[in-house]
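Work through the exercises below with the sequence and the 3D structure open. Try each task before reading its solution.

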Amino acid sequence: MASPRTVTVVALSVALGLFFVFMGTIKLTPRLSKDAYNEMKRAYKSYVRALPLLKKMGINSILLRKSIGALEVACGIVMTLVPGRPKDVANFFLLLLVLAVLFFHQLVGDPLKRYAHALVFGILLTCRLLIARKPEDRSSEKKSSPPGNAGGATASNAGNTEEQPTLYEKAPQGKMKLS
């Protein structure tokens, strides 16, 4: 049986991955929604106009939109299908993209309703990354029986619900003397 933490990380990964594949595809092609595609084109033109540094670097609205869209699709696929560390890397890149998009929305003065989804998905990406990177909780694992008690609980320790100290807790704390 999978732990609740694992179920949460998998569910967030799949949901976020599919969302970013969808949003990236809208930025790349009008096949899913012609209106949304045209709105993306208009928005990215305003972003490039508001940030002249992009023009100086040779980045036009088409290149910016297609680059962000391709990165969203690629990271979304990794978040949905690839296990392990690459999922966390994709999560990190998507979080950076969301921050950039939030910056662009603020730069052009968009109202909150235009970028509320970016805030929500940025928070979800942050939560997923924090949950995935949190070390496993040792206290939820099955408790091992104390040494010398191979058969289970005896009358003397049946009421004792104290946990056995972990190796870290047994280690001496403070300064170590090296000679």
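The exercises go from the whole chain to single helices and then to single residues of this predicted model.

**Exercise 1. The chain as a whole**

Task: State how many helices and strands the chain has, and what share of its residues count as buried.

Solution:
- Step 1. Count the elements: the chain has 7 helices and 0 strands.
- Step 2. Write them in order from the N terminus, which gives α-α-α-α-α-α-α.
- Step 3. Turn to burial: 30% of the 179 residues count as buried.
- Step 4. Look at contacts with a separation of 6 or more: 65% of them come from residues 24 or more positions apart.

**Exercise 2. The span of two helices**

Task: Check whether the end-to-end distances of helix α1 and helix α2 agree with 1.5 Å a residue.

Solution:
- Step 1. Use the rule that the expected span is 1.5 Å times one less than the number of residues.
- Step 2. Helix α1 covers residues 4-28, and its 25 residues should therefore span 36 Å.
- Step 3. The end C-alpha atoms of α1 are 36 Å apart, which agrees.
- Step 4. The 17 residues of α2 should span 24 Å; the end C-alpha atoms of α2 are 25 Å apart, and this also agrees.

**Exercise 3. The buried residues of α1 and α2**

Task: Find which residues of α1 and α2 are buried, and which helices pack against them.

Solution:
- Step 1. In α1 the buried residues include V9, L12, S13, L16 and F20.
- Step 2. The cover over the buried residues of α1 includes α2, α4 (61-81), α5 (85-108) and α6 (112-133).
- Step 3. In α2 the buried residues are Y37, M40, A43, Y44, S46, Y47 and V48.
- Step 4. These residues of α2 pack against α1, α3 (52-56), α4, α5 and α6.

**Exercise 4. An annotation compared with the model**

Task: Take the UniProt annotation "transmembrane region" and say what the model shows over residues 7-26 and 114-131.

Solution:
- Step 1. Read the record: the unreviewed UniProt entry gives this annotation to residues 7-26, 62-82, 89-108 and 114-131.
- Step 2. In the model, residues 7-26 are 100% helix and 0% strand, with end C-alpha atoms 29 Å apart.
- Step 3. Residues 114-131 are likewise 100% helix and 0% strand, and their end C-alpha atoms lie 28 Å apart.

**Exercise 5. An aromatic pair in α2**

Task: Describe how the rings of Y44 and Y47 are arranged, and decide whether these residues are buried or exposed.

Solution:
- Step 1. Count the aromatic pairs: there are 7.
- Step 2. Y44 and Y47 form one such pair, with ring centres 5.1 Å apart and 70 degrees between the planes.
- Step 3. Planes over 60 degrees apart count as edge-to-face, and the pair of Y44 and Y47 is edge-to-face.
- Step 4. Both residues lie in helix α2, 3 residues apart, or about one turn of the helix.
- Step 5. An α-helix has 3.6 residues a turn, so residues three or four places apart point the same way.
- Step 6. Buried means under 20% relative accessible area. Y44 is buried because its value is 2%, and Y47 is buried because its value is 3%.
- Step 7. Ring pairs also bring in F103 and F104, linking them with Y44 and Y47 into a cluster.

**Exercise 6. The surroundings of R128**

Task: Locate R128, decide whether R128 is buried or exposed, and list what its side chain reaches.

Solution:
- Step 1. R128 is in helix α6.
- Step 2. Its relative accessibility is 1%, so R128 counts as buried.
- Step 3. The side chain of R128 makes a polar contact of 2.8 Å with the side chain of S13.
- Step 4. A second polar contact, of 3.0 Å, runs from the side chain of R128 to that of D88.
- Step 5. Neighbours within four places in sequence aside, R128 touches V9, L12, S13, L16, M79, K87, D88 and N91.

**Exercise 7. V48 and S46**

Task: Say what V48 touches and which backbone oxygen the side chain of S46 reaches.

Solution:
- Step 1. V48 is in helix α2 (residues 34-50), and V48 counts as buried because its relative accessibility is 3%.
- Step 2. Beyond four places in sequence, V48 touches L54, K55, I59, N60, S61 and L64.
- Step 3. V48 and S61 are 13 residues apart in sequence, and their C-alpha atoms are 5.8 Å apart.
- Step 4. S46 is in helix α2 as well, and its side chain reaches the backbone oxygen of A43 at 2.6 Å.

How values were computed. Residues numbered from 1 in each chain as written. Predicted model: local features only at pLDDT ≥ 70, side-chain atom pairs only at ≥ 80, totals over all residues. Heavy atoms only, no water. Helix = DSSP H or I, 4+ residues; strand = E, 2+ residues; numbered from the N terminus. Buried < 20%, exposed > 50% of the residue type's maximum accessible area, 1.4 Å probe, protein only. Contact = heavy atoms within 4.5 Å. Phe/Tyr/Trp six-rings, centres within 6.5 Å; stacked < 30°, edge-to-face > 60°. UniProt positions renumbered as here; feature names shortened; annotations may be inferred. Polar contact = N/O pair within 3.5 Å; in protein donor to acceptor, adjacent residues only side chain to side chain.
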